[in-house]
Amino acid sequence: MTLDTPAAARPRPDDAFTPAPAASGRRTAVRIPYAEVAICLVLFALAMAPRVAWVLYNDREPQGLNDPSLYSILSDIMADGGGYTRPTGEPFAYYPVGFPATFAGLKKAGDIFGWERGALSIKMMNGVLSAFTVVLTYGLARRLLDRRVALVAGAIMAVFPSQVYYTGTVLSEPLFTFLLMAAMLVLFWSPWSRDGISYWRLGAVGLILSAATMTRGITLMLPLVLLAVWLLYIRDKKRALLQAAVLWAGIAVLIVPWSIRNSVQFGTLVGPSTNLGDDLCIGNFLGANGAFTLEGPCFEGYEGMGPDEVEIERNRDGVRIAVRDVLQHPVRMPKLIAQKAYWLLYKDDDGLWAAESYGNDYFIPDFRREVLAFAANSAYYAVGALAILGSLAFMYGRDVRRVALYASMLYILFLPLVFFGDPRFKFPAMPMVIVVAAFAVMLLWDRARARPAGEEAPS
């Protein structure tokens with residue numbers, strides 16, 4: 001039996017997640033998955049070792065005026081009871097609130113239980129979340145494929161350099177990726193029926209995605225990707241639409257109240273955050289090269305305004321400028337999208353740059369930085385090549401969940417092309433890329449082992 005036989009289509013006698021069958025009239029005996037628990041504990045420990053070492057090595061406060069520094073300031077204000085506001089007291093909604101609020105909660109817990117409000121606590125939390133993401137990656141591969149692929153995927157994730165490097169930053173990537181992978185595991189936990197998926201399961205996925213969307217807004221339209229798969233797979237198209245509606249209802253649980261809060265604070269209609277305009281404008285204004293920049297018409301003409309006014313007006317103007325320049329100059333868009341893709345995909349050592357506060361705190365010796373960067377990029381190129389190689393085989397078969405996972409991966413990976421390209425933006429997609437790469441590894445392994453036997457067989 002070859003690896004590319006869908007997991008849902010073949011027996012799995014070693015599946016410790018599955019309850020033992022019971023005779024009619026008796027309660028189902030629930031088997032404790034000792035083997036799976038042991039594997040998960042080993043993978044968690046394997047993942048924690050490099051993450052703890054890396055966090056302790058760069059136990060430093062963010063420097064300069066950038067996202068990590070602002071997250072630290074905002075979380076201090078929230079932990080002290082000032083709400084999500086600027087140091088001067090004006091309302092603030094530029095960043096999604098999920099990560100600053102989590103950081104603030106950790107600082108408040110430190111006030112209660114006695115640890116300091118330094119960056120070490122949030123970096124260590126990122127390390128723990130990243131290690132749990134390794135376990136979630138193992139679980140996802142285990143549910144979709146088999147234990148061998150899952151072990152390979154978990155092992156790669158545990159030591160994958162860029163996944164380690166970002167734990168040493170005061171950034172939202174580890175938190176968001178943990179929530180995203182938790183939602184994927186719940187969604188793909190068991191095979192899908194052509195009659196539909198349980199609304200309870202979809203509701204749970206929606207709630208997790210709601211928390212993820214409060215951290216980064218890119219998951220807001222993920223149900224649309226799943227809907228496209230469901231419309232092709234589920235017999236009743238109305239049921240497919242209802243499933244997507246349940247997911248969006250779950251996402252709305254946190255997003256709608258927070259958007260109402262923002263609208264009340266600013267006295268005008270505001271969504272969950274106000275950085276959409278900047279992100280669209282940076283990547284699409286006439287003269288953009290697809291990369292991040294703080295220059296150009298996106299940031300001009302706001303002299304004399306208050307900070308809260310600038311936040312609202314720049315958000316509106318950014319959307320307007322982006323839409324206008326795209327519609328008036330459509331011929332440039334293929335080249336611009338290719339440029340965005342380059343800046344998104346060309347390397348994977350950006351976690352080092354972020355750990356050093358984007359050039360404001362160089363502390364890694366030059367040679368060591370070169371070695372760490374080489375390790376990150378080498379692992380990234382190898383995993384990327386394997387994922388591309390195994391893509392068609394991964395999606396082939398009777399388990400539609402593989403197609404849905406692959407579509408979700410592409411959505412998370414390439415949605416930044418709507419905005420601008422940056423290596424940081426592919427971080428949340430990498431666990432799913434690694435699952436596909438692990439599948440390709442075992443597919444090649446099985447075929448390499450089968451070839452000598454085939455050659456020895458009589459013609």
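**Close-up of Ser72 in helix α2.** In this predicted model, Ser72 is placed in helix α2, which covers residues 67-79; helices are DSSP runs of H or I with at least four residues, numbered from the N terminus. Ser72 counts as buried because its relative accessibility is 14%, where buried means under 20% relative accessible area, exposed over 50% and partly exposed in between, with a 1.4 Å probe and protein chains only. When neighbours within four places in sequence are left aside, Ser72 is in contact (heavy atoms within 4.5 Å) with Phe103 and Lys107.

**Close-up of Ser357 and Tyr358 in the loop between α14 and α15.** Ser357 sits in the loop that joins α14 (350-355) and α15 (366-395), and Tyr358 lies in the loop between α14 and α15 as well. Although Ser357 is not a glycine, its phi is positive, at about 55 degrees; Tyr358, also a residue other than glycine, has a positive phi near 55 degrees. Ser357 is buried, with a relative accessible area of 4%, whereas Tyr358 is partly exposed, with a value of 24%.

**Close-up of Ile112 in helix α3.** Ile112 belongs to helix α3, made of residues 98-113, and is exposed because its relative accessible area is 61%.

**Notes on the model.** Residues are numbered from 1 along each chain as its sequence is written, and side-chain values use heavy atoms, with hydrogens and water left out. Because the model is predicted, local features need pLDDT of at least 70 and side-chain atom pairs count only at pLDDT 80 or more, while totals for chains, interfaces and linings use all residues.

Definitions and conventions: Helices (H or I, at least four residues) and strands (E, at least two) are DSSP runs, numbered from the N terminus.
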